[in-house]
Amino acid sequence: MGSAPVFDAAFRQRLHDLLAWRRDVRRFKRDALPAGTVERLIELGNLAPSVGLCQPWRFVIVDDPARRAAVRQIFTDANAAALAAYDDERARLYATLKLAGLDDAPVQFACFADRSTTQGGELGRRTMPEMVEYSAVAALHTLWLAARAEGLGLGWVSILDPARLATALDVPPHWRLIGYLCLGCAEHDDETPELERAGWEQRRPASDFILRR
């Protein structure tokens, strides 16, 4: 077994920069990515921790134009319903937001969690079965950071009907949608989240979320 690597102060600062500049991207250049890019990033996502080593993540790469069009319509319908739930100024602001990169991102894929997997022997899942979904989120976030480290943007689309999306992508009905992702080169990079720049919400400090007992 080899020696564990040493992560020095310079590396830790670079890691901090990576975390700070990892943003949810909605505005993409249409340039195609090199063949195999998403598959390679999924390999890195596969290094993420998972409960009982069950690796419950399931990735579906969506290339077919008809399926992409179906996803676009599912988003359009869900977005209209979301807009209708807001009133007055909040509704006007929501209507101005760009909430997905579905029209421009060269690569699109979905991430699902498979609770039916027998891998891992249900270790850690009998008391907290939701750890399956948490594990898939960890894989997705690992992939997200890896993409940003390569100068690529990733956008997580959650304004979708999960059942309709599962049908459109023809996946097993027991798979649970984690997110639909757009991947490509961002039109521009920014350290500040787009929703914060648009005035939708302000990011709060970590101290707001810490309790001591």
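# A guided tour of the model

Start with the whole chain in cartoon view: from the N terminus on, the elements run α-α-β-α-α-β-α-β-α-β-α. That comes to seven helices and four strands. Keep in mind as you look around that this is a predicted model.

**The whole protein**

Zoom out until everything fits on the screen. The C-alpha atoms fill a box of roughly 60 × 45 × 40 Å along the principal axes. How does the radius of gyration agree with that of a compact globule? For 213 residues, such a globule would have a value near 17 Å, and the protein has 19 Å, which agrees.

Now switch on the surface. The accessible surface comes to about 12,600 Å², and carbon and sulfur atoms hold 55% of it. Of the 213 residues, 39% count as buried. If you display contacts with a separation of 6 or more, 82% of them are between residues 24 or more positions apart.

**First stop: a nonpolar patch**

Select Phe-7, Phe-11, Leu-15 and Leu-19. Together they make a nonpolar surface patch of about 360 Å². Click on Leu-19, which is found in helix α1, residues 9–21. Leu-19 is partly exposed, with a relative accessible area of 42%.

**Second stop: Pro-56 and its surroundings**

Next, select Pro-56, in the loop between α2 and β1 (57–61). Is Pro-56 buried or exposed? Its relative accessible area is 0%, so Pro-56 is buried. Show the residues around Pro-56: leaving aside neighbours within four places in sequence, its contacts include Ser-50, Phe-112, Ala-113 and Asp-114. Thr-117, Val-132, Ser-135 and Ala-136 are also among the contacts of Pro-56.

For a sense of scale, draw a distance from Pro-56 to Leu-33. These two are 23 residues apart along the chain, and their C-alpha atoms are separated by 27 Å.

**Third stop: the cysteines**

Colour the cysteine sulfurs. How many disulfides are there? The count comes to zero. Cys-54 is in no disulfide, and the nearest cysteine sulfur, in Cys-111, is 12 Å away. Cys-54 counts as buried, at 0% relative accessibility.

Then move to Cys-185. Why does Cys-185 have no bond to the closest cysteine sulfur? That sulfur belongs to Cys-182 and is 14 Å from the sulfur of Cys-185, too far for a bond. Cys-185 counts as partly exposed, at 25% relative accessibility.

**Fourth stop: salt bridges**

Side chains of opposite charge can pair when their charged atoms come close. In this model the count comes to 15 salt bridges, and the tour visits a few of them.

Select Arg-30 and Asp-104, whose side chains meet in a salt bridge at 2.6 Å, N to O. The pair links distant parts of the chain, 74 residues apart. Arg-30 is in the loop between α1 and α2 (37–45), while Asp-104 is in the loop between α4 (88–96) and β2 (107–114). Compare how the two partners are covered: Arg-30 is exposed, with a relative accessible area of 61%, whereas Asp-104 counts as buried at 18%.

Now select Asp-189 and Arg-148. They form a salt bridge in which the closest N and O atoms are 3.7 Å apart. Asp-189 lies in the loop between β4 (175–184) and α7 (194–197) and Arg-148 in helix α5, so the pair ties together parts that are 41 residues apart in sequence. Asp-189 is partly exposed, at 47% relative accessible area, and Arg-148 counts as buried at 19%.

Step along to Asp-190. Its side chain meets that of Arg-197 in a salt bridge of 3.9 Å, N to O. Arg-197 counts as partly exposed at 39% relative accessibility, and so does Asp-190 at 26%.

**Last stop: Glu-133 and its network**

Finish by selecting Glu-133, in helix α5 (residues 131–149). Which residues join Glu-133 in a network of salt bridges? Arg-115 and Arg-176 are linked with Glu-133 in this network. Both arginines are also among the residues that Glu-133 touches, along with Ala-113 and Ile-178, not counting residues up to four places away in sequence. At 7% relative accessibility, Glu-133 counts as buried. Before you leave, display Ala-113 once more: Glu-133 touches this residue, and Pro-56 from the second stop is in contact with it too.

Methods
Residues are numbered from 1 along each chain as its sequence is written. This is a predicted model: local features need pLDDT of at least 70, side-chain atom pairs count only at pLDDT 80 or more; totals for chains, interfaces and linings use all residues. Side-chain values use heavy atoms; hydrogens and water are left out. A disulfide is a pair of cysteine sulfur atoms within 2.5 Å. Buried means under 20% relative accessible area, exposed over 50%, partly exposed in between (1.4 Å probe, protein chains only). Patches are made of residues with over 30% relative accessible area and no salt bridge: like charges are joined within 9 Å, nonpolar side chains (Val, Leu, Ile, Met, Phe, Trp, Tyr) within 5 Å. Accessible areas come from the Shrake-Rupley method with a 1.4 Å probe; for residues, only the protein chains shown count as cover. A salt bridge is a side-chain nitrogen of Lys or Arg within 4 Å of a carboxyl oxygen of Asp or Glu. Helices (H or I, at least four residues) and strands (E, at least two) are DSSP runs, numbered from the N terminus. The radius of gyration is taken over C-alpha atoms; the globule rule is 2.2 Å times the number of residues to the power 0.38. Contact means heavy atoms within 4.5 Å.
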